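Please open the model in your viewer and keep the selection tool at hand. The stops below take in cysteines and aromatic rings.

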Amino acid sequence: MSAPMTKADAKNFLASGLGIALFSSAVFGTSGSFAKSMLETGWSPGAAVTVRLTGAALILAVPAVVVLRGRWHQLKENWLTILLFGLIGVAGCQLFYFNAVARLSVGVALLLEYLAPVMIVLWLWISTRRKPRALTAAGALLSLGGLVLVLDLTGAVKVDFVGVLWGMAAAVCLVIYFFITAKENDTLPPLVLASGGLLVGAVVMWLVGGLGLLPMTFSTADTTLGPWTVPWWVSAVGLIILATVLAYVSGIMAARSLGSKVASFVSLTEVLFAVIWAWLLLGELPGPIQLLGGLLIVGGVVLVRVDELRGDRRAAGARALDHPNDVEPVPSGPVAEGR
């Protein structure tokens with residue numbers, strides 16, 4: 001029997017980035033439940049996303065300005081990264097996901113979004129014309145098989161295919177999100193990237209809503225979370241602080257500590273957390289066939305990630321053999337591989 005975790009072990013666990021990554025997944029997983037509790041009282045997906053991004057951007061604005069004091073050139077150097085992060089990785093991804101949640105269960109919507117790693121494999125295969133390794137191919141096929149089960153085409157409960165399309169659109173945005181934030185960048189603090197991206201996303205949502213291109217329906221009706229009936233602002237505050245401010249900042253911190261590949265692997269636990277939160281707060285639980293499909297999707301993505309990590313280790317070993325006398329330099333700052 002293993003010894004119980006000591007305080008030192010717990011401190012090392014958090015310092016390694018794994019604890020932060022799991023915390024990020026847990027709070028990210030609340031977004032679907034908080035959002036759906038609002039959508040069920042008359043909120044439109046666009047309005048829920050707008051309130052979420054605006055509130056989080058306002059909360060993070062002050063600490064971001066403090067961090068940037070004397071270093072405003074960092075915004076000029078990274079404006080394109082912040083713009084794309086906010087437009088696609090924040091506004092687009094959340095809007096499409098919330099539209100999916102409005103038509104599907106939280107668990108099914110998130111499982112569709114997390115087909116993104118498989119899409120990345122397929123895109124790299126097409127763009128580089130290099131056939132993926134056997135383990136990666138097996139993982140992709142396993143996830144596609146899981147998708148078929150999640151859709152449960154022969155089941156008694158019919159899946160809304162418009163919702164499925166929204167979920168797939170969210171997956172495409174997540175693919176672009178990973179490509180944008182996996183780029184090395186040690187000149188942009190996590191707090192500034194999160195704050196800037198949320199601000200861009202909020203401005204875009206207000207602009208699109210103001211032009212009448214997106215329905216903006218707000219409601220002050222009470223929402224239901226688990227056995228409790230609470231004012232609308234309780235769900236909104238949970239969506240803003242837990243599922244956005246804490247989630248994005250801790251997620252970027254974890255990715256920079258662990259690297260984009262390992263961080264995105266750990267982020268798969270968000271699916272599990274989201275299903276648990278939806279069960280506790282909304283009474284939702286996917287059917288047995290859909291749960292099996294979800295396990296296949298997660299299992300397939302795990303195979304893809306394991307194969308990538310094995311490939312990285314082999315490549316590192318080959319470089320070491322080519323240059324046996326090289327000494328690795330001491331890093332001058334954190335590696336900015338954001339999620």
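Buried means under 20% relative accessible area, exposed over 50% and partly exposed in between, with a 1.4 Å probe and protein chains only. This is a predicted model, in which local features need pLDDT of at least 70 and side-chain atom pairs count only at pLDDT 80 or more, while totals for chains, interfaces and linings use all residues. Residues are numbered from 1 along each chain as its sequence is written, and side-chain values use heavy atoms, with hydrogens and water left out.

Select Phe-85 and Tyr-248, one of the six aromatic pairs in the structure; rings of Phe, Tyr and Trp (its six-membered ring) pair if their centres lie within 6.5 Å, and planes under 30 degrees apart count as stacked, over 60 as edge-to-face and the rest as tilted. The pair of Phe-85 and Tyr-248 is edge-to-face, at 6.3 Å centre to centre with 85° between the planes. Phe-85 lies in helix H6 (residues 79-103) and Tyr-248 in helix H12 (residues 232-258), 163 residues apart, so the pair links distant parts of the chain; helices (H or I, at least four residues) are DSSP runs, numbered from the N terminus. Phe-85 is buried at 1% relative accessible area, and Tyr-248 is buried at 5%.

Now add Phe-28, which forms one aromatic cluster with Phe-85 and Tyr-248.

Go next to Tyr-97 and Phe-98, both of them buried.

Finally, select Cys-93 and Cys-173, whose sulfurs are 5.6 Å apart, too far for a bond. The structure holds zero disulfides, a disulfide being a pair of cysteine sulfur atoms within 2.5 Å. Cys-93 is buried at 7% relative accessibility, and Cys-173 is buried at 8%.

Key. Helices (H or I, at least four residues) and strands (E, at least two) are DSSP runs, numbered from the N terminus.
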